[in-house]
Amino acid sequence: MLGLTTPTTATWVQTAARDLNALLIDHAHCEMKAATNALSLLGRYPDEMDLVVALTALALEELEHFKRVVDILKQRGLALGIPAKDTYAQLLRTAAGQLQGRHRERFVMVDRLLIGALIEARSCERFRLLLEILPREAPELVGFYQELFECEARHFRTYVDLAKLAAREFASEVDERFETLSRMEGKIVADLTPSAAVHG
Ligand SMILES: [Fe+2]
Ligand SMILES: [Fe+2]
């Protein structure tokens, strides 16, 4: 799905279902990180105006998602708290940093955008899996996660499009680059111990 090489296991779904509150808290942090990541990317590449415009819209939408998850936390009497260590994203960035071809400054930017695409793809895949258990576990959240599933799929495409835009004369190499990064992402996901976290 969305270019992911390794599907999420049933164990992750069961783990998430057992601790939906923990999952919601982690999800809130993910939305906040998605917003700040979009802002930090546009801050790094302020001369690429198409990128600045697209990432501003994306950051706003992620912040809106954050607000809505925070509202759900509040309704459930939960606190946002300090985020857990984001092992998944850290491993993904480290692995990308070791890829050949990073000497080209342009590909540093392309990789950052493709990592954004992979994070969105994985969120999207997991929201779809959550939709299988939510009617039983928390029917009030079904509509919200259905909406987010569609948004994250769109964000995935935005990041891939921006990566091609940013690659300029190397745009034809972006699909292959994505496949390489996706295989790395698949290995990282397979090695993580399933937890009640969106990317855990
Ligand atoms: Fe989001
Ligand atoms: Fe997103």
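Author: Before we start, a word on burial: a residue counts as buried when its relative accessible area is under 20%, as exposed when that area is over 50%, and as partly exposed in between. Please also keep in mind that this is a predicted model.

Reader: Happy to begin at the metal site, then. Is H155 buried or exposed?
Author: H155 supplies its ND1 atom to the iron ion (ligand 2), and this histidine sits in helix α6 (residues 142-167). Its relative accessible area is 1%. That is under the 20% cut-off, so H155 is buried.

Reader: Which protein donors does the iron ion (ligand 2) have?
Author: The donors lie 1.9 to 2.6 Å from the iron ion (ligand 2). Along the sequence, the donor residues follow the spacing E-x57-E-x31-E-x2-H. E120 is listed twice, each time through OE, and the full set reads E62 (OE), E120 (OE), E120 (OE), E152 (OE) and H155 (ND1).

Reader: Which residue coordinates both iron ions, ligand 2 and ligand 1?
Author: The iron ion (ligand 2) and the iron ion (ligand 1) are 3.4 Å apart. One of the donors of ligand 2 coordinates both ions, and that residue is E62.

Reader: How many residues apart are E120 and H155?
Author: E120 belongs to helix α5 (residues 105-137), whereas H155 belongs to helix α6. E120 counts as buried because its relative accessibility is 6%, and H155 is buried too, at 1%. The pair links distant parts of the chain, with a separation in sequence of 35 residues.

Reader: Let's turn to the helices. How are α3 and α6 oriented to each other?
Author: Their axes are 11 Å apart and pack at an angle of about 160°. Angles over 145 degrees count as roughly antiparallel. That makes the orientation of α3 to α6 roughly antiparallel.

Reader: And how many charged residues are in the contact of α3 with α6?
Author: α3 passes α6 in a left-handed crossing. From α3 the contact takes in E61, E62, H65 and R68, among others, and from α6 it includes E147, E152, R154 and H155. By class there are 12 nonpolar residues and 3 polar ones, while the charged residues number 7.

Reader: What about helix α2 (residues 20-44) and helix α3 (residues 49-75): at roughly what angle do their axes cross?
Author: The two axes come within 8 Å of each other, and α2 passes α3 in a left-handed crossing. The contact has 20 nonpolar, 3 polar and 2 charged residues. The axes of α2 and α3 cross at roughly 160°.

Reader: Which word describes the orientation of α4 to α7?
Author: The axes of α4 and α7 are 10 Å apart, and the helices pack at an angle of about 140°. Their crossing is right-handed. Roughly antiparallel would need an angle over 145 degrees, so α4 is, relative to α7, oblique.

Reader: Which residues of α7 do Y88, L91, L92, A95 and A96 in α4 meet?
Author: The residues of this contact divide into 9 nonpolar, no polar and 1 charged. On the α7 side, the partners are L181, M184, E185, I188 and V189.

Reader: Which residues does L92 touch, leaving out those up to four places away in sequence?
Author: L92 lies in helix α4 (residues 87-97). With a relative accessibility of 0%, L92 counts as buried. The residues L92 touches beyond its sequence neighbours are I115, I119, E185 and I188.

Reader: Is A190 buried or exposed?
Author: A190 is found in helix α7, and the C-alpha atoms of A190 and H65 are 27 Å apart. The relative accessibility of A190 is 53%. That is over the 50% cut-off, so A190 counts as exposed.

Reader: One last backbone point: near what value is the phi of R168?
Author: Most residues other than glycine have a negative phi. R168 is found in the loop between α6 and α7 (174-191) and, at 46% relative accessibility, counts as partly exposed. Although R168 is not a glycine, its phi is positive, near 50°.

Reader: And in which segment does L2 lie?
Author: L2 also has a positive phi, of about 45°, although it is not a glycine. Its relative accessible area of 22% makes L2 partly exposed. L2 lies in the segment before α1 (10-18).

Definitions and conventions. Residues numbered from 1 in each chain as written. Chains lettered and ligands numbered in written order. Predicted model: local features only at pLDDT ≥ 70, side-chain atom pairs only at ≥ 80, totals over all residues. Heavy atoms only, no water. Axes fitted to C-alpha atoms, helices over the stretch in contact; angles between N-to-C directions. Helix = DSSP H or I, 4+ residues; strand = E, 2+ residues; numbered from the N terminus. Left-handed = near helix turned anticlockwise from the far one by under 90°. Nonpolar A, V, L, I, M, F, W, Y, C, P; charged D, E, K, R; others polar. Buried < 20%, exposed > 50% of the residue type's maximum accessible area, 1.4 Å probe, protein only. Contact = heavy atoms within 4.5 Å. Donors = N, O, S within 2.8 Å, 3.2 Å for Na, K, Ca; no water. Parallel < 35°, antiparallel > 145°, perpendicular 65-115°, else oblique.
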